[in-house]
Amino acid sequence: MEVDGAILETLQPSRFLSFAIPNPNPTLNPSLASPLIRIAVLDSPIQPSSTLIPSVAAMIVPKHRESDWIFSTESGHLQLLLSSPNIQRLILIGQEQQPIINGSSSSSIYRRWIDPNSLNNLEISLKPLVIALSPKSYFHNENLEVPFLCYEDNIVCSLVLEKCIGNFVGEMLVEDVEIEGSDQSREFRRRLRFKRMPNLVQTEIRIVPNKVSCLDSVDIGSSSIEFSPDLGVLVHAYLVPMVASLALIGSCIEKHVESGLRPKALCLGVGGGALVGFLKTQLDFEVVGVEVDEEVLRVARKYFGLEDGDLVRVQVRDGMEFMDQLAHGDIVGNIVPQFDVIMVDLDSDDPRNGVSAPPIEFFRRDVLLAARSVLRESGIFVINVIPQSRSFYEKLIHEFREVFPELYEINVGNVENFVLIAAKALPCSSSSSDSENKFLTKLRLAISGAYMDSINRIGDASN
């Protein structure tokens, strides 16, 4: 497309332009070696103040990640911008590349490559272009420096296994990645991502190479190497504290087990099934999973080790409607509504607000009352929360206090997630010590005791 430079002289909230131009110097750096380079310009959705000088930044897209949704979609750019505080215009520059065809795998493997010296030379060569794409008001104080942001994550290399489309979640992909370990050891993961929230990993599990004696010989993308899911470890930061919340009712669960009852969990949002599989294999739960998109479940079964059976039953339904049916006495799939725990792992699907969870619908009183009614008297309602703001979180707490007498939280410690735990009653006491409680012992071993002592009470309805 042809772009009139004059339109970029001012900021326009939520404006997004993407275009290709001839590469001014294709031999300067391997990161931009193609004859064409693609430029994307995104202005913040927040109306800028007329009295402040706008803040502008540029970013060079890592080589071989040009087709990644983070860098190739408007919602991906928006999340990059929203994660960069106080930036009003973000300029992305990368080489032109054909996108991966839907439903197919890619032979192109991303491998991290950073040469600080040549990257610095590239930034210098792009300086005139970046200045030309900046609003006039940015140079009010004769400032001719536009900072370059560096995109950093822990991915060493990655390979897309499949792209497909779900009726509800839209485009999604499965990818194998090698991540950077803190102790120099090699770690391999499998991820499920949705295009509508490109920077959010929906499901992540550890995978292990089959029949390999030395990890040094393992290479993602090699046709001779096969990986198997490891469902015994939770790698998503917030899943461990969600499971740790069971420590609140460990004595009650132990009593049920001693009387011959198996603990039961309802998981709203299955994704790849990491949480569902862990509860079954490591804690001997009977699990009902509810997922709105059949295609997500196909992917979970094919790539993530999800297995339906006597102990895992998956329903293709809307989670809130499913709870409402159970709450009104409907028998859905012969499921008896007596759960020890309901775990909610659902995110908002509006990228304009950045990554947030749960969906705003969970503020509704009827949803909370339905959840309360399908829990056992000792049951808990556990939600992964990524608050848009402190006021969002406080409102959520207020709504929960109207329905549940006891509230607890776990601070995940990653600046983003909180685990909110609502209980129908005070945790039941036990005459035996924790060391004699077989369930608590099993729980502590399964998650190495993480977060079990970090559950904080945050008040009740009478406060």
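**Entry 1: Arg-65 and its partners**

I started at Arg-65, which counts as buried at 4% relative accessibility. I was working on a predicted model. Who sits across from Arg-65? I found Asp-68, and the two side chains meet in a salt bridge at 3.6 Å, N to O. Asp-68 has a relative accessible area of 13%. That is under the 20% cut-off, so Asp-68 is buried as well. Opposite charges on side chains can pair when the charged atoms come close.

**Entry 2: charged pairs between β9 and β10**

Next I looked up Arg-189. Its side chain meets that of Glu-204 in a salt bridge, 3.3 Å from N to O. Arg-189 belongs to strand β9 and Glu-204 to strand β10, so this pair ties together parts 15 residues apart in sequence. Are Arg-189 and Glu-204 buried or exposed? Both are buried. I then followed shared partners elsewhere: Arg-65, Asp-68, Asp-153, Glu-175 and Arg-193 are joined into one network by salt bridges.

I checked Arg-206 too. Arg-206 forms a salt bridge with Glu-187, and the closest N and O atoms are 2.9 Å apart. Here Arg-206 is in strand β10 and Glu-187 in strand β9 (residues 186-194), so the pair ties together parts that are 19 residues apart in sequence. The cover on the two partners is worth noting. Glu-187 counts as buried at 15% relative accessibility, whereas Arg-206 is partly exposed at 26%. I also ran the search over the whole structure, and the count came to 31 salt bridges.

**Entry 3: Thr-203**

I stayed in β10, which covers residues 201-209 and holds Thr-203. How accessible is Thr-203? Its relative accessible area is 4%, so I logged Thr-203 as buried. What does the side chain of Thr-203 reach? It reaches the backbone nitrogen of Gly-272, at 2.8 Å. I listed the contacts of Thr-203, leaving out residues up to four places away in sequence. Among them are Arg-190, Arg-191 and Leu-192, then His-236 and Phe-304. The run Val-270, Gly-271, Gly-272, Gly-273 and Ala-274 is on the list too.

**Entry 4: helix α6**

Ala-274 led me to helix α6, residues 274-283. How many of the residues of α6 are buried? I got 7 of 10, so the helix is mostly covered. The buried ones are Ala-274, Leu-275, Val-276, Gly-277, Phe-278, Leu-279 and Leu-283. I looked just past the end of α6 and found Asp-284 with a positive phi of about 60°.

**Entry 5: Ser-228**

I moved to Ser-228 in strand β11, residues 227-230. Ser-228 counts as partly exposed at 25% relative accessibility. Which residues does Ser-228 touch, beyond those up to four places away in sequence? They are Arg-206, Ile-207, Val-208 and Asn-210. With Asn-210 there is a polar contact, side chain to side chain, at 2.8 Å. I also took a C-alpha distance: Ser-228 and Pro-209 are separated by 6.4 Å, though they are 19 residues apart along the chain. Arg-206 thus shows up twice in this notebook: as a contact of Ser-228, and as the salt-bridge partner of Glu-187.

**Entry 6: an open sheet**

I traced a sheet of 5 strands. It is open, its pairing is mixed, and the order is β1-β2-β4-β3-β6. Which strands are at the edges? They are β1 (16-22) and β6 (148-149), each pairing on one side only. At the β6 edge, strand β3 (residues 56-60) pairs with β6 in the parallel sense over 2 bridges. Met-59 stands opposite Leu-149 in β6. Helix α3 (residues 116-132) packs on the sheet. I checked its reach: α3 touches β1, β2 (36-43), β3, β4 (89-95) and β6. The direction of α3 makes about 130° with that of β3.

**Entry 7: totals**

Last, I pulled the figures for the protein. There are 11 helices and 19 strands. Buried residues make up 50% of the 463 residues. What share of the contacts with a separation of 6 or more joins residues 24 or more positions apart? That share is 68%. The protein exposes about 21400 Å², and carbon and sulfur atoms supply 49% of that area.

Key:
Residues are numbered from 1 along each chain as its sequence is written. This is a predicted model: local features need pLDDT of at least 70, side-chain atom pairs count only at pLDDT 80 or more; totals for chains, interfaces and linings use all residues. Side-chain values use heavy atoms; hydrogens and water are left out. Helices (H or I, at least four residues) and strands (E, at least two) are DSSP runs, numbered from the N terminus. Buried means under 20% relative accessible area, exposed over 50%, partly exposed in between (1.4 Å probe, protein chains only). A polar contact is a pair of N or O atoms within 3.5 Å; within protein, one must be able to donate a hydrogen and the other to accept it, and residues adjacent in sequence count only if both atoms are side-chain atoms. Contact means heavy atoms within 4.5 Å. A salt bridge is a side-chain nitrogen of Lys or Arg within 4 Å of a carboxyl oxygen of Asp or Glu. Accessible areas come from the Shrake-Rupley method with a 1.4 Å probe; for residues, only the protein chains shown count as cover. Two strands pair if DSSP finds at least two bridges between them. Axes are lines fitted to C-alpha atoms, for helices over the stretch in contact, and angles run from 0 to 180 degrees between N-to-C directions.
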